[in-house]
Amino acid sequence: EDIVRHIHASLDEDDTKALSKVIPAFQKLLKLGTLRSDLDHIQKPSSIDRFIQLLRDFIRATTSPRHPVIMFIDDLQFADPNSLEVVVALACDLKIRNFMLVGAYRDNE
């Protein structure tokens, strides 16, 4: 509950809705379920750069020394260039604290 309040304090309402359009599981986490009909007019982030910034802001808002976050991404050998750009941006962002990104791939596929 504190994390949800912190997310809403760190991101504006349109940003939380935009994240929910791209990653539907955020709707439940961000308690946007009752706003489902309102999501139709919210656009997905228009560029990969905007999405990366939204995701960075979300991660910064949700991580803390008491609540570190580990993101595991499997099958990176199938990732498209935009997805790899997101992974690289998150892995190289020195401002994100208490966050670990773990990726797995098969070099024979």
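This is a chat about the helices and core of one predicted model.

Reader: Before we start, what kind of model is this and how are residues numbered?
Author: It's a predicted model, where local features need pLDDT of at least 70, side-chain atom pairs count only at pLDDT 80 or more, and totals for chains, interfaces and linings use all residues. Residues are numbered from 1 along each chain as its sequence is written, and side-chain values use heavy atoms, with hydrogens and water left out.

Reader: Ok, how many helices and strands does the protein chain have?
Author: Five helices and two strands. Helices (H or I, at least four residues) and strands (E, at least two) are DSSP runs, numbered from the N terminus. Along the sequence the pattern reads α-α-α-α-β-α-β.

Reader: And how much of the protein chain is buried?
Author: Of its 109 residues, 30% count as buried. Buried means under 20% relative accessible area, exposed over 50%, and partly exposed in between, with a 1.4 Å probe and protein chains only.

Reader: Let's look at α4. Where does I48 sit?
Author: I48 is in helix α4, which covers residues 48-62.

Reader: Is I48 buried, exposed or partly exposed?
Author: Partly exposed, because its relative accessibility is 23%.

Reader: What's I48 in contact with?
Author: Leaving aside neighbours within four places in sequence, N82, E85 and V86. Contact here means heavy atoms within 4.5 Å. I48 and V86 are 38 residues apart in sequence, yet 7.8 Å apart in space, C-alpha to C-alpha.

Reader: What about T62, buried or exposed?
Author: T62 is in α4 too, and it counts as buried because its relative accessibility is 11%. Setting aside residues up to four places away in sequence, T62 touches I3, I7, H67 and V69.

Reader: Back to the other helices. At what angle do α4 and α5 cross?
Author: Roughly 40°, and the axes of α4 and α5 (residues 81-92) come within 10 Å. That makes α4 oblique to α5. Axes are lines fitted to C-alpha atoms, for helices over the stretch in contact, and angles run from 0 to 180 degrees between N-to-C directions. Under 35 degrees counts as roughly parallel, over 145 as roughly antiparallel, 65 to 115 as roughly perpendicular, and the rest as oblique.

Reader: Which residues make that contact?
Author: From α4 they are I48, D49, F51, I52, L55, R56 and I59, and from α5 N82, E85, V86, A89 and L90. By class, that's eight nonpolar, one polar and three charged residues. Ala, Val, Leu, Ile, Met, Phe, Trp, Tyr, Cys and Pro count as nonpolar, Asp, Glu, Lys and Arg as charged, and the others, Gly among them, as polar.

Reader: How do α2 and α4 pack?
Author: At an angle of about 110°, with axes 10 Å apart. That makes α2 roughly perpendicular to α4. D15, A18, L19 and V22 of α2 meet R50, F51, L54, L55 and F58 of α4.

Reader: Which residues touch the most other members of the largest nonpolar core?
Author: Of its 18 residues, I7, L19, L55, F58, I59, V86 and L90. A nonpolar core is a set of buried Ala, Val, Leu, Ile, Met, Phe, Trp, Tyr and Cys residues joined through side-chain atoms within 4.5 Å.

Reader: Which element gives the largest share of this core?
Author: α4, with seven residues.

Reader: And what does L19 touch?
Author: Not counting residues up to four places away in sequence, L19 touches L11, F26, F51, L54, L55 and F58.
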